[in-house]
Amino acid sequence: MGRPGIARCRVGLLLGLTALLLPVQSWAGETVLFVGNSFTGNLGGVGELVERMAAVSGVELMAEQIAPGGFSFEQHFEVTDGARSAIVEGRWDRVVLQEQSGRPIFQRPAFERYGRLLVVEVVSTGARPLLYLTWGRADHPQDQPALTEAYCDLSAETRVDLAPVGAAWQRSRARHPELRPHAADRVH
């Protein structure tokens, strides 16, 4: 299924964090749960950033996040009293799902299996899932196409929307090599 997913994703590529934040206007009055790890939780977290950007735009929404460092989809699905429990409570309008950064490349079957299971959990509550495509490490830019392909394929298979943040980073860096979007650790 590889190529159709990639083609679908290329159509939706946007620059910078707008890949995730553009839909905020359509999230007015909604509750959003961000499920991920340090890529979602660092610096106060993406949930807080989205809330602030929404407020500046005059949009009211409530965001929370569950983002323990290094967590994978599998851990979020299997750990009792974690993200899966929060999802099943069913009080979310949207749930943004972000996998451990290298897993879509190095453990793709587990990424796909647990990604599907989490999407089913989200959909079963009536919430809308969104996959959050992350970026490759600064010293491994060659990983981005494989990350993008894995997320795009899962998005196409599950018919779930995708925020192609990592692909947008790659495109931005190609157009503006002077940009250094990574933190000092060259990962986040």
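**Surroundings of L179 and the nonpolar cores**

In this predicted model, L179 is partly exposed, since its relative accessible area is 38%, a value that lies between the limits of under 20% for buried residues and over 50% for exposed ones. The residue belongs to the segment that follows helix 10 (165-175), and, when neighbours within four places in sequence are left aside, L179 is in contact with S172 and R173. The C-alpha atoms of L179 and W169 are separated by 9.6 Å in space, while the two residues stand 10 apart in sequence.

The protein chain as a whole contains 10 helices and 5 strands, and buried residues account for 48% of its 188 residues. Of the contacts between residues at least 6 apart in sequence, 77% join residues that are at least 24 apart. The accessible surface of the chain amounts to about 9,100 Å², and carbon and sulfur atoms contribute 54% of this area.

In soluble globular proteins, nonpolar side chains tend to be buried together. The largest nonpolar core comprises 26 residues, and L33, V35, F73, I87, V95, L97 and L131 are those with the most contacts inside it. At least two residues of this core are supplied by each of strand 1 (31-35), helix 5 (73-78), helix 6 (83-88), strand 3 (94-97), helix 8 (108-124) and helix 9 (144-158). For L97, the residues touched, not counting those up to four places away in sequence, are V35, F73, L118, V119, V122, L130, L131 and Y132. A second core, separate from the largest one, has 18 residues, among them F39, V96, W169 and V187.

Terms used: Residues numbered from 1 in each chain as written. Predicted model: local features only at pLDDT ≥ 70, side-chain atom pairs only at ≥ 80, totals over all residues. Heavy atoms only, no water. Helix = DSSP H or I, 4+ residues; strand = E, 2+ residues; numbered from the N terminus. Buried < 20%, exposed > 50% of the residue type's maximum accessible area, 1.4 Å probe, protein only. Contact = heavy atoms within 4.5 Å. Areas by Shrake-Rupley, 256 points an atom, 1.4 Å probe, with all protein chains shown as cover. Core = buried A, V, L, I, M, F, W, Y, C linked by side-chain atoms within 4.5 Å.
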